[in-house]
Amino acid sequence: MTTIGIIANPMAGKDIRRLVGHGRYVSNNEKVNTLRRLFTGFDSIGVEQVLMMPDYDGISSNCKAYKSKNLKIDTLNMRLIDNEMDSTNAAKLLKELKVDCIVTLGGDGTNRAVAKGCTTIPLLPISTGTNNVFPENVEGTIAGIASGLISKNLVDLNKTTYKSNLLEIWIDKSLKDIALVDIAVSFTDSIGAKAIWTTSELSEIFVIKAKPTATGLSSIAYMLSGDELNEDQGIHIKTSSTNSHNLKVPLAPGLIKSVPIKKWNYIQMNSRTTIPQSSCILALDGERTISVKSSSEIEIVLKKDGPVVISTDKVIEQAALNNIMYNTAIDDPT
């Protein structure tokens with residue numbers, strides 16, 4: 001049975017950047033609508049089962065109203081904690097159940113949580129967060145077709161997916177966490193509202209994924225280098241409170257900030273960068289996450305251990321070049 005797992009984060013697209021900037025608000029109704037379009041794509045390819053992460057906000061329960069003769073929609077049997085661990089635990093469970101593909105609805109933080117649970121099953125991330133660099137802005141119907149083709153083994157996985165990078169955070173010689181896009185060292189007293197929307201307290205930034213149209217911390221790396229970091233390298237940036245060379249960047253939708261740049265350099269695969277000992281907060285993929293005491297040693301390591309990511313463009317390109325949509329013997333679900 002062809003099975004696709006879905007992890008839709010009900011909290012994605014709702015953080016403080018709606019108040020301090022002009023971040024879009026992605027309602028849960030819109031997420032349900034996106035998922036129903038996704039199901040239409042599944043149906044057209046012949047996917048037989050969907051396993052969804054349950055939630056308290058009605059996303060998974062509303063999706064069960066989707067009508068289909070072929071597609072069965074169920075929720076995972078799991079206990080909810082009502083924080084990012086739900087996404088991690090759902091990914092672990094989907095890996096145990098050996099689903100063919102996982103589709104996420106969320107931002108960089110959501111996909112980071114999913115990656116902590118599974119990095120081996122092909123992942124198609126749909127953007128419904130704020131500063132999204134890791135997930136794609138892709139229409140739900142197209143995402144459904146693409147992930148369906150992957151799940152049914154109708155396209156070449158080697159030509160339509162790529163193994164992404166990640167940053168490991170080691171504290172006192174122990175692996176503490178990971179990031180898929182960026183890490184920032186913030187000299188603040190508390191985690192607070194989590195989302196990064198100021199730059200004055202930042203001292204160091206590590207970025208491994210960037211693009212010209214991105215907002216957030218990764219935009220700093222692109223503005224400095226003009227590099228999308230598609231190769232096996234990242235960028236390490238140091239800021240200065242006295243440097244007059246301020247770089248203007250879109251830190252969030254509708255929010256442009258100046259960053260005083262001291263210096264920057266590339267980091268290579270498996271390189272280890274030590275952060276000077278000092279009490280700080282580490283922001284992972286744009287959210288303050290880890291509080292570190294001054295006596296602890298922090299090391300950042302670039303690894304080729306991220307999720308296997310589906311390129312929607314490449315999947316649809318392969319489907320067109322090989323006339324796959326002519327050959328899918330699936331009845332029109334309508």
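This report covers two sheets, a helix pair and several loop residues in a predicted model.

Residues are numbered from 1 along each chain as its sequence is written, and side-chain values use heavy atoms, with hydrogens and water left out. Because the model is predicted, local features need pLDDT of at least 70 and side-chain atom pairs count only at pLDDT 80 or more, while totals for chains, interfaces and linings use all residues.

## The four-stranded sheet

Helices (H or I, at least four residues) and strands (E, at least two) are DSSP runs, numbered from the N terminus. Two strands pair if DSSP finds at least two bridges between them.

Four strands make an open sheet, in the order 8-7-17-14, with antiparallel pairing. The edges are strand 8 (174–179) and strand 14 (272–275); each has a single partner strand, so one side of each lacks a neighbour in the sheet. From one strand to the next, the twist averages 25°. Axes here are lines fitted to C-alpha atoms, for helices over the stretch in contact, and angles run from 0 to 180 degrees between N-to-C directions.

The pairings of this sheet are as follows.

| Strand pair | Bridges and sense | Citation |
|---|---|---|
| Strand 7 and strand 8 | five bridges, antiparallel | |
| Strand 7 and strand 17 | six bridges, antiparallel | |
| Strand 14 and strand 17 | four bridges, antiparallel | |

Individual partners can be named. Glu-168 stands opposite Ile-178 in strand 8. Leu-167 has Leu-302 of strand 17 as its bridge partner. Thr-273 faces Ile-300, also in strand 17. Strand 17 spans residues 298–303.

Strand 7 (residues 166–171) is mostly covered, with five of its six residues buried. Buried means under 20% relative accessible area, exposed means over 50%, and partly exposed lies in between (1.4 Å probe, protein chains only). Strand 7 and strand 8 form a hairpin with two residues between them. In that turn, Asp-172 has a positive phi of about 55°.

## The seven-stranded sheet

A second open sheet has seven strands in the order 12-13-11-10-9-15-16, and its pairing is antiparallel. Strand 12 (246–252) and strand 16 (287–292) stand at the edges with a single partner strand each, so one side of each is left without a neighbour in the sheet. The twist averages 35° from one strand to the next.

Strand 11 (residues 233–239) pairs with strand 13 over seven bridges, in the antiparallel sense. Thr-239 has Ile-261 of strand 13 as its bridge partner.

Helix 8 (residues 218–225) lies across strand 9 (182–186), strand 10 (202–207), strand 11, strand 12 and strand 13. Helix 8 runs at about 140° to strand 12.

Gly-216 sits in the loop between strand 10 and helix 8. Gly-216 is buried, with a relative accessible area of 4%. From Gly-216 to Ile-59 the C-alpha to C-alpha distance is 27 Å, and the two are 157 residues apart in sequence.

## Helix 4 against helix 5

Helix 4 (residues 85–96) and helix 5 (residues 108–115) pack at an angle of about 45°, their axes 7 Å apart. Helix 4 and helix 5 are therefore oblique to each other. Angles under 35 degrees count as roughly parallel, over 145 as roughly antiparallel, 65 to 115 as roughly perpendicular and the rest as oblique. The crossing of helix 4 and helix 5 is right-handed (the near helix is turned clockwise from the far one by less than a right angle).

Ser-87, Thr-88 and Ala-91 of helix 4 meet Thr-110, Ala-113 and Val-114 of helix 5 in the contact, defined as heavy atoms within 4.5 Å. These residues divide into three nonpolar, three polar and no charged. Ala, Val, Leu, Ile, Met, Phe, Trp, Tyr, Cys and Pro count as nonpolar, Asp, Glu, Lys and Arg as charged, and the others, Gly among them, as polar.

Helix 5 is largely enclosed by the rest of the structure, because seven of its eight residues are buried. Among them are Asp-108, Asn-111 and Arg-112.

## Two asparagines with positive phi

Asn-153 has phi near 60°, a positive value in a residue other than glycine. Asn-153 is found in the loop between helix 6 (140–151) and helix 7 (157–160). At 66% relative accessibility, Asn-153 counts as exposed.

Asn-270 is not a glycine either, yet has a positive phi of about 70°. Asn-270 belongs to the loop between strand 13 (255–268) and strand 14. With a relative accessible area of 48%, Asn-270 is partly exposed.
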